[in-house]
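Here are my notes for you on this one. Keep the structure open and look up each residue as you read.

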Amino acid sequence: MSLAVSLGGARPDVPGLLRRHWPLLPLAATVLMLLAPLPAGDATTSGKVGPADAASLLLVFVCAVQALRGRVRRLSPLGVLVLGVPAVGLAVTTATAGDPYAALPGFVRYLQVFVLVPAAIVLLVRDAGEFRLAAGCFVALALVQGAVGVVQYATHTGASYQGEDIRAVGTFGPGDVMGMATVVAYGLVVATAAALAPGLPQRVRRMAGGTALVLVVPLVLSFSRGAWIATVGTAVLVMGLAGIRRALTVLLALTAAGVVLVGGLGVGSEMVAERLTSITQISSAPDQSVTDRYTMWAAAESMWRERPAVGVGLKGFPANRDGHSSLGLSSGSDTSGAGQAYIRQPLLSPHNMYLLVLSEQGLIGLAALAGGWAVLLVAGIRRYAAGEGIRDCGLIAIGLLVWQLTDFLYADIGGPSTVLTGVIIGLAAWWALPSPAPHHAVAAGSGRQGARIAARRASGPGAATAATTSGRTGRVAAPRAGSGADGR
């Protein structure tokens with residue numbers, strides 16, 4: 001958690017932090033609850049409410065209570081549109097599903113991940129310090145899960161991979177082999193963005209850079225091609241946004257770390273090289289997992305063509321899969337190791353979020369969800385390029401969103417780490433869609449102490465402190481016209 005504290009930019013005062021930031025405790029719990037191990041032998045958590053999901057529901061409840069008290073910031077008109085349209089689209093596709101009752105659990109899950117959790121974060125996170133604390137939780141989660149994964153590789157207690165129990169999966173188990181890779185990649189993206197971000201103290205940037213190098217190891221040992229591709233692409237974009245000079249420094253450090261780890265120390269060198277080579281052979285000589293993926297992609301497209309406007313209905317892909325698949329699809333994937341006996345896990349989704357939404361929700365659902373994500377990406381990059389806001393927050397938000405949208409090309413929602421998708425969209429929306437702070441947050445105090453409190457509450461992404469003191473009276477100057485009370 002040292003990086004989280006450092007990103008907050010102040011020496012920790014636990015009682016004071018709890019008093020000021022208690023509404024964010026459920027947000028921190030939503031991320032950190034994923035440190036809890038899954039029950040041994042539980043190959044899937046589909047349809048189950050885990051600790052992180054429960055924390056996210058508490059987050060939404062706290063947001064509702066704070067909203068009734070008038071202690072949340074207001075959504076901008078664009079924010080209402082981006083977060084509201086998906087809810088309407090989900091309602092339409094659920095009502096028009098062949099079996100609306102069967103689609104109802106999917107409606108609740110999508111509403112949680114893509115509407116309620118992001119909206120709660122946008123409304124509750126008040127300033128850059130709170131944003132950094134949330135981002136620091138991702139780093140803490142990644143470090144712990146990555147450490148567990150490295151131990152699994154070193155002691156041959158991981159998930160089965162090519163006949164050996166060496167695949168790093170953290171506490172997620174072999175039933176969710178992407179779980180550890182996903183959370184480690186999130187932490188790596190946050191650390192890389194913090195290492196490159198202008199404005200942060202040099203000590204913090206050095207710590208963040210070292211953390212990013214450490215997290216490369218468990219990401220490599222996850223043997224997850226999709227996570228590798230998404231992380232490399234995101235790192236290139238983040239480095240480009242941060243500036244060529246900074247980018248070259250980090251790129252050289254990452255390259256040197258890769259050479260030492262894989263070439264010098266031989267960390268999974270043969271298997272890593274083989275896994276990398278397989279990326280270039282997805283069309284010429286694909287393995288069975290790639291064949292299955294292509295087959296399910298074709299099945300998803302076939303379902304969409306059957307009902308192009310609204311799809312086959314939420315949770316409808318498994319029931320319609322066999323009727324739209326070729327004989328090349330296998331019956332499932334083999335999972336074992338990491339404390340779990342051999343289980344044949346069925347293939348219940350196309351492993352492509354865009355095709356999953358298209359097949360189950362049609363063009364209406366895809367336009368509502370993916371359209372909102374595109375707005376967040378464009379608005380976030382434009383705001384960063386314009387030099388608005390506190391830059392490290394923008395770089396982290398853009399990096400996390402780009403990683404998620406890239407990973408959606410190879411994966412979809414499912415498993416306990418799904419709730420983090422909602423957190424990422426919320427952080428991206430907080431950055432891309434600035435909104436004014438609640439009225440109570442800008443009440444001016446008296447004297448120097450009151451002025452300092454007012455100035456701190458009035459500060460945020462986008463502007464220097466809007467409050468200034470005048471002599472002993474501690475009068476507070478009004479913020480510039482057109483800017484929110486938090487400077488955003």
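1. Before anything else, a word on what "helix" means here: a helix is a DSSP run of H or I with at least four residues, and helices are numbered from the N terminus. Under that scheme, S289 is found in helix α13, which covers residues 288-306. Keep in mind throughout that this is a predicted model.

2. Now the overall picture. The protein has 18 helices and 4 strands. Of its 488 residues, 51% are buried. Take the contacts with a separation of 6 or more: 77% of them join residues 24 or more positions apart. As for the outside, the accessible surface comes to about 20700 Å², and carbon and sulfur atoms account for 65% of that.

3. Let's compare two serines, beginning with S289. Is S289 buried, partly exposed or exposed? Its relative accessible area is 38%, and buried means under 20% while exposed means over 50%, so S289 counts as partly exposed. Have a look at L329 too: S289 and L329 are 40 residues apart along the chain, with 9.4 Å between their C-alpha atoms.

4. The other serine is S224, which sits in the loop between α9 (202-221) and α10 (225-242). Why does S224 count as buried? Because its relative accessible area is 1%, and the cut-off for buried is under 20%. If you set aside neighbours within four places in sequence, S224 is in contact with R167, M178 and A181. You can also find A168, which is 56 residues from S224 in sequence and 9.7 Å from S224 in space, C-alpha to C-alpha.

5. Next, the nonpolar cores. In soluble globular proteins, nonpolar side chains tend to be buried together. In this model, the largest nonpolar core has 72 residues, and F138 and L420 are those with the most contacts inside it. Helix α8 (residues 177-196) gives the most to this core, with 13 residues.

6. Try clicking on L420. Which residues is L420 in contact with, leaving aside its neighbours within four places in sequence? They are T30, V31, L34, F138, L141, V183 and Y186. Apart from this core lies another one of 39 residues, among them L111, F317, L401 and I413.

7. Are there any holes inside? The count comes to 3 cavities of 30 Å³ or more. The largest cavity has a volume of about 60 Å³. Its lining is made up of V82, L83, P86, F114, A368, L369, G372, W373, L376 and I425. The elements giving two or more residues to that lining are α5 (77-95) and α15 (353-385), and α15 has the largest share, with 5 residues. By class, the lining of the largest cavity has 9 nonpolar residues, 1 polar and no charged ones.

8. Finally, the second largest cavity, with a volume of about 40 Å³. Which residues line the second largest cavity? They are L376, L377, G380, I381, A397, I398, L401, A428, W431 and A432. Here α15, α16 (391-407) and α17 (418-432) each supply at least two residues, and α15 gives the most to this lining, with 4. The lining of the second largest cavity has 9 nonpolar residues, 1 polar and no charged ones.

How values were computed
Residues numbered from 1 in each chain as written. Predicted model: local features only at pLDDT ≥ 70, side-chain atom pairs only at ≥ 80, totals over all residues. Heavy atoms only, no water. 1 Å grid on protein atoms, 1.4 Å probe; cavity = no way out; pocket = protein on both sides within 12 Å on 5 of 7 lines; lining within 4 Å. Points joined across faces, edges and corners; volume = space filled by probe spheres on them. Nonpolar A, V, L, I, M, F, W, Y, C, P; charged D, E, K, R; others polar. Buried < 20%, exposed > 50% of the residue type's maximum accessible area, 1.4 Å probe, protein only. Contact = heavy atoms within 4.5 Å. Areas by Shrake-Rupley, 256 points an atom, 1.4 Å probe, with all protein chains shown as cover. Core = buried A, V, L, I, M, F, W, Y, C linked by side-chain atoms within 4.5 Å.
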